[in-house]
Amino acid sequence: MESSFVMPLCQYLQFSWWATDIRESLWLYPFIQLIHFTGLSLWVGTNIVGDVRLLNLGKKPQTAREVRDGLFIWNWIGFTIVVLGGFLLFSSRATIYIVNPAFRVKLFMLVPTALIWHIFLQAKTPSWGQGADTAAIGRVAGLIEILLWISVVTAAVNIPNY
């Protein structure tokens, strides 16, 4: 990661005006972190609700498809907040984060895998979740997504340990 392209880009981000303001402010970094965690709660929370419905757990007044459709906009609003907040947090200490093993696992392995799986799951839920009970493949896919997001969060909480 410390290639001739990546580290200069990280240095550029870290010493940009916004990153410097975030890093030097007493309250800005924690505030952005709060926003980032709020978006993460919205993003992962709506994912988990949809996945739990795919697993045929809980009350069943709606099909998995209806749950996914009802949460779709909130899910992507949460994702947008996560990306914006994460970018700002990363920018403030980019040269430190880019060499952090937990950050690398989170950002370069788990997040792309979980995001691709989530998009795949959203595309397949209409066919798997049309009725009161979800197809077996849909239940397995929902469980896999839950495990992927648990892995992302686990890597994220380990970032301060490195």
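1. Let's start with leucine 28, which sits in helix H3. Keep in mind that this is a predicted model, so every value here is computed from it. At 31% relative accessibility, leucine 28 counts as partly exposed, because that label covers values from 20% to 50%. For a sense of distance, take arginine 65: leucine 28 and arginine 65 are 37 residues apart in sequence and 39 Å apart in space, C-alpha to C-alpha.

2. Leucine 28 also belongs to a group on the surface. Which residues form the nonpolar patch? They are Leu28, Phe31, Leu34, Ile35, Ile73, Trp74, Ile77 and Ile81, and together they have about 710 Å² of accessible area. Helices H3 and H4 each give at least two residues to this patch. Try colouring these residues in your viewer.

3. Isoleucine 77 is one of the patch residues, and you will find it in helix H4. Is isoleucine 77 buried, partly exposed or exposed? With a relative accessibility of 35%, isoleucine 77 counts as partly exposed.

4. Stay on helix H4 for a moment, since phenylalanine 87 is there too. Its relative accessibility is 36%, so phenylalanine 87 counts as partly exposed. Compare its two distances to histidine 36: the pair is 51 residues apart in sequence, but 9.5 Å apart in space, C-alpha to C-alpha.

5. Histidine 36 leads us to the largest pocket. About 920 Å³ of space lies in this pocket, and 37 residues line it. Which residues lie nearest the centre of the largest pocket? Those are His36, Gly86, Phe103, Lys106 and Leu107. The elements giving two or more residues to the lining are helix H1 (6-14), helix H3 (28-54), helix H4 (64-92), helix H5 (94-97), helix H6 (101-128) and helix H7 (136-157). Sorted by class, the lining has 32 nonpolar, four polar and one charged residues.

6. Next comes the cavity. How many cavities of 30 Å³ or more does a search of the whole structure find? The search turns up one, and the volume of the largest cavity is about 120 Å³. Its lining has 15 residues, with Thr46, Gly50, Arg68, His118 and Gln122 nearest the centre. Helices H3, H4 and H6 each supply at least two of the lining residues. Here the classes come out as five nonpolar, seven polar and three charged. Put that beside the pocket lining, with its 32 nonpolar, four polar and one charged residues.

7. Arg68, from the cavity lining, turns up again in the salt bridges. The count of salt bridges is two. In one of them, arginine 68 pairs with aspartate 69, and the closest N and O atoms are 2.3 Å apart. In the other, the side chains of arginine 65 and aspartate 69 meet at 4.0 Å, N to O. Aspartate 69 takes part in both pairs, and Arg65, Arg68 and Asp69 are linked in a network.

8. Finally, look at where arginine 65 and aspartate 69 sit. Both lie in helix H4, four residues apart, which is about one turn of the helix. How accessible are they? Arginine 65 has a relative accessible area of 36%, so it is partly exposed. Aspartate 69, at 41% relative accessibility, counts as partly exposed as well.

Note on methods:
Residues are numbered from 1 along each chain as its sequence is written. This is a predicted model: local features need pLDDT of at least 70, side-chain atom pairs count only at pLDDT 80 or more; totals for chains, interfaces and linings use all residues. Side-chain values use heavy atoms; hydrogens and water are left out. On a 1 Å grid over the protein atoms alone, a cavity is a set of points where a 1.4 Å probe fits but cannot get out, and a pocket is an open set with protein on both sides within 12 Å along at least five of seven lines; lining residues have an atom within 4 Å of a point. Grid points are joined across faces, edges and corners, and a volume is the space filled by probe spheres set on the points. Ala, Val, Leu, Ile, Met, Phe, Trp, Tyr, Cys and Pro count as nonpolar, Asp, Glu, Lys and Arg as charged, and the others, Gly among them, as polar. Patches are made of residues with over 30% relative accessible area and no salt bridge: like charges are joined within 9 Å, nonpolar side chains (Val, Leu, Ile, Met, Phe, Trp, Tyr) within 5 Å. Accessible areas come from the Shrake-Rupley method with a 1.4 Å probe; for residues, only the protein chains shown count as cover. Buried means under 20% relative accessible area, exposed over 50%, partly exposed in between (1.4 Å probe, protein chains only).
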